[in-house]
Each structure stands twice: as structure tokens, then as C-alpha cells.
Amino acid sequence: MRGVTRPSSAPRSPTPEPSKREWFSEVIGRTRFVVLIAVVAVLLVSFSLFLQGTLLALHTIWDSWNDTFTQGIASQQGRLAVEFLEIVSTMLKAVVFYLIGVGLYSLFITPLNLTSALGVESLADLEQKVVSVIIVILGVTFLEHFVRWEKPLDTLYFAGALALAGGALVFFQRVHRGSGGDLGQPQAKLRARQDLFEHNTEQRHIEDHEVEMAEQATVAKQSGRVDAGEGSG
């Protein structure tokens, strides 16, 4: 009885090794995690400002009520408003650093529902949000000097300087209006807010139809069929 010869198995095709260019591109792409250093540093600054603002608020509230009971309500005229405005200014500065930290993390590491709900889906969107908060900080800072009203001429000069700075920032916003991310459709923002606040889901999932709508919006912008401000939601 002859032995049955088994068919020799076909040789497996070797797995193609990545080229040097692909390997180098992979390494370059992984360098995005260096942004984590900036994210951690900026968030630490933000948390520090929030903590300092909280301690300042508690100290101010304690001193104000202590002076009210000992010296009367007349002792709080003018000074109390300035101290509370300083607390607001500190908190707004903390918000600026917080937006930068979470924005950089979402743009370079992992997309978050938080940034999508806030409308921060590109560097241009992040710039717009930060500039908006800075303008509010400028207004609060001027209000502090206005309430003090110690040197009217210096206050006038200060108002002029803030007006120039604020006007430049507003002009910057007008020029860059609509240059943000195309994924900022209203329905995507609403879904991100629902996932974040109702389902406690931090990481954001980008669906296929959102990418298709973003591509259509980009093509429409380039062809001039829609206004530049419509694509960013």
C-alpha cells in the first residue's frame, strides 16, 4: 500500500515590513504625546489659580462680614466690590489656562466630549474661545480701576490702552471668523453634551456621517458656495 503523500502547504507570504519612510512617519506622529507635558503644566497652573481664587474668596468674605459687624456696613463701600472683582478676574484667568489645557489634549491626544460641547475642535476654535475670555478679563480689570477711581487721568489712560487691546482682539476674531473646525455641527455638539452630562462619557466618538458633512462643508467653503462662518457651527 502506497503512502498517501500530503500536499505540501503553500508557502506563506512574508509580512511586508514597513519602509524606512513609514517608520519615520510613525515616530514623528508619536511625538504628539510631547504635548502632554504642556497639558499637565497648564492644568496645574489652572488648578492653582482656581485654588487661590477660592482661598481669596473665603478670606474676602470673612473679612467683609467681620468688618460689617464691627464697623458697620458703611465700611464696605467701594472696597468690597474691588476685592470681589479681583476674585472674578482670578477665576477667569484660571478658565483661560483650563481651556488651553483641555483643548491641547483633545486636539493632540484624544478627542473629548467636553471640547466638542464647547465648540473647540481646532486650533482656530481654541484661539477664539481664549480670546473671548481674555476680552472679558480686560473688561473686569477696567471695572476694578473704575470702581477705585483714585486717579481719573490714569484711569482714562488705562481705559484707552484696554480699548486698543480689546479692539485688536475683536478685530482678530472678526478676521478669523469661520476658520474653525468643520466638525462643529450643532447636532454633534448636542450629542457630545448629552454623552458628557447624561452618560458621563468623556471621550468623544467621531461618526462617519460627521466626517462626510465636514468634507462637504470644506468643499463648499473652498468653492465659495457658503459663507465662511457657516461651517464652524
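Over residues 130-149 of this predicted model, the chain is 95% helix and 0% strand. The C-alpha atoms at the two ends of residues 130-149 stand 29 Å apart. UniProt, in an unreviewed entry, lists residues 130-149 as a "transmembrane region", and the same record gives that label to residues 33-58, 95-118 and 155-172. Residues 95-118 are 83% helix and 0% strand, and the end C-alpha atoms of that span lie 13 Å apart.

The chain as a whole may now be considered. The protein chain contains 8 helices and 0 strands. Read from the N terminus, its elements follow the order α-α-α-α-α-α-α-α. The protein chain has 233 residues, of which 33% count as buried.

To follow how these helices are arranged, one needs a way of describing a pair. Two packed helices are described by the angle between their axes and the distance between the axes. Helix H2, formed by residues 35-71, and helix H3, formed by residues 79-108, serve as a starting point. The axes of H2 and H3 come within 8 Å and cross at roughly 160°. An angle over 145 degrees counts as roughly antiparallel, and H2 and H3 are therefore roughly antiparallel to each other. The crossing in which H2 passes H3 is left-handed. Sorted by class, the residues in the contact of H2 with H3 are 24 nonpolar, 7 polar and 4 charged.

A single residue of H3 can be examined in more detail. Thr90 is placed in helix H3. Is Thr90 buried or exposed? The relative accessible area of Thr90 is 16%; because buried means under 20%, Thr90 is buried. Thr90 and Leu56 are 34 residues apart along the chain, and their C-alpha atoms are separated by 9.2 Å.

Helix H3 also packs with helix H5, which comprises residues 123-148. The angle between H3 and H5 is about 170°, and their axes are 9 Å apart. That angle makes H3 roughly antiparallel to H5. The contact of H3 with H5 has 20 nonpolar, 3 polar and 5 charged residues.

Within helix H5 lies Ile137. Ile137 has a relative accessibility of 11% and therefore counts as buried. Along the chain, Ile137 and Met91 are 46 residues apart, whereas in space their C-alpha atoms are separated by 9.6 Å.

The next pair is H5 with helix H6, the latter made of residues 152-175. H5 and H6 pack at an angle of about 165°, and 10 Å lies between their axes. H5 is therefore roughly antiparallel to H6. H5 passes H6 in a crossing that is left-handed.

Arg174 belongs to helix H6. Which term describes Arg174, buried or exposed? With a relative accessibility of 64%, Arg174 counts as exposed, because the exposed class begins over 50%. The C-alpha atoms of Arg174 and Gln128 are 9.8 Å apart, although the two residues are 46 residues apart in sequence.

The final topic concerns charged side chains. Side chains of opposite charge can pair when their charged atoms come close. How many salt bridges does a search of the whole structure find? The search finds 1 salt bridge. Arg30 forms a salt bridge with Glu26, and the closest N and O atoms of Arg30 and Glu26 are 3.1 Å apart. That separation meets the criterion for a salt bridge, because the cut-off is within 4 Å. Both Arg30 and Glu26 lie in helix H1, which spans residues 20-30. The two are 4 residues apart, or about one turn of the helix. Arg30 has a relative accessible area of 47% and is partly exposed. Glu26, at 44% relative accessibility, likewise counts as partly exposed.

Methods
Residues numbered from 1 in each chain as written. Predicted model: local features only at pLDDT ≥ 70, side-chain atom pairs only at ≥ 80, totals over all residues. Heavy atoms only, no water. UniProt positions renumbered as here; feature names shortened; annotations may be inferred. Axes fitted to C-alpha atoms, helices over the stretch in contact; angles between N-to-C directions. Parallel < 35°, antiparallel > 145°, perpendicular 65-115°, else oblique. Left-handed = near helix turned anticlockwise from the far one by under 90°. Nonpolar A, V, L, I, M, F, W, Y, C, P; charged D, E, K, R; others polar. Salt bridge = Lys/Arg side-chain N within 4 Å of Asp/Glu carboxyl O. Buried < 20%, exposed > 50% of the residue type's maximum accessible area, 1.4 Å probe, protein only.
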